[in-house]
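This report introduces one helix and the charged pairs around it. The reader is invited to view the sequence and the model before reading on.

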Amino acid sequence: FWGQSLAEGLQEAFAKDPDVVVVDGTNGASGLVREDQYNWNVELPKLVEQHKPDILLVMIGANDRQPIPTPLGPAAERTSAWRAAYGGRVAALADTLRATGKPVLWTGLVPVRSDAMARDYSTFNSIFRERLEGSGITFVEVWDGFADAEGGFVASGPDVNGQTQLLRASDGVKFTNVGARKLAFFAERDIDRTLSQGAGAQIAALTDGLEDIGEPGVQPAVSAM
């Protein structure tokens, strides 16, 4: 569901850019634990085939504070067995993403009002960084943009224009529209950099060397998942 906010923020960010289309391919109830409910390793290639995006964005994990199946039975969260199994799920999704041949931005999680949940999400981020290192997937750090000086949750803070605004919803988890726009800001910088690397394309700001781009009238698609 945070991925949906990321997509909404990106849609606003690129609303006036006719050369970029943002496709929301998220599933708000999904994660990496309950593959029986929604398996991203199965569904993601289908989405890529359908939308043919030029860049993929991922923000996942908010629903994953629960036991994870292992060959030895369910592993309880916060155990070493859970961390190892979850890291394997992250690595598997990273392999699926890399197999698309597209640039990938993996957005980290953010603090929430509940200290216990925030600690878990910080742990998830450490697993993401560890498993994505050297994979060619860019990890987008967003935690500090929604935290105080000590790394704790804040409901309000600077928006993309530097004005203090309400960034988080009353539940202390979801984003306001302003917060979603700020969330997208961190990925937007990497998107702009990736798109601006293209040279000789017949439409503006295309990434050099990607599939399904470079023909007149074809818009680069950015998919958030």
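A residue is termed buried when its relative accessible area is under 20%, exposed when it is over 50%, and partly exposed in between. The model discussed here is predicted.

**Helix α3**

Helix α3 covers residues 80–99, a run of 20 residues. From its first C-alpha to its last it reaches 29 Å, close to the 28 Å expected at 1.5 Å a residue. Its buried residues are W82, Y86, G87, R89, V90, L93, A94, T96 and L97. The elements that cover these buried residues include the helices α2 (40–51) and α4 (115–132), together with the strands β2 (55–58) and β3 (104–107). After α3 comes G101, whose phi is positive, near 75°.

**Salt bridges**

Side chains of opposite charge can pair when their charged atoms come close. The structure holds 12 salt bridges. Three of these pairs are set out below.

| Pair | N to O distance | Relative accessibility |
|---|---|---|
| R89 and E35 | 3.8 Å | R89 14%; E35 28% |
| R98 and D95 | 3.1 Å | R98 46%; D95 44% |
| E141 and R129 | 2.6 Å | E141 41%; R129 35% |

Which parts of the chain does the salt bridge between R89 and E35 tie together? R89 lies in helix α3, whereas E35 belongs to the loop between β1 (21–24) and α2, so this pair ties together parts that are 54 residues apart in sequence. R89 counts as buried because its relative accessibility is 14%, a value under the 20% limit. Its partner E35, at 28%, counts as partly exposed.

The salt bridge between R98 and D95 lies within helix α3 itself. These two residues are three apart in the helix, and therefore about one helical turn separates them. R98 is partly exposed because its value of 46% falls between the limits of 20% and 50%. D95, at 44%, is likewise partly exposed.

In the third pair, the side chains of E141 and R129 meet in a salt bridge. This pair links distant parts of the chain, with E141 in the loop between β4 (138–140) and β5 (156–158) and R129 in helix α4, 12 residues apart. Both E141, at 41%, and R129, at 35%, count as partly exposed. Elsewhere, R65, R78 and D120 are joined into one network by salt bridges that share partners.

Conventions: Residues numbered from 1 in each chain as written. Predicted model: local features only at pLDDT ≥ 70, side-chain atom pairs only at ≥ 80, totals over all residues. Heavy atoms only, no water. Helix = DSSP H or I, 4+ residues; strand = E, 2+ residues; numbered from the N terminus. Expected span 1.5 Å × (residues − 1). Buried < 20%, exposed > 50% of the residue type's maximum accessible area, 1.4 Å probe, protein only. Contact = heavy atoms within 4.5 Å. Salt bridge = Lys/Arg side-chain N within 4 Å of Asp/Glu carboxyl O.
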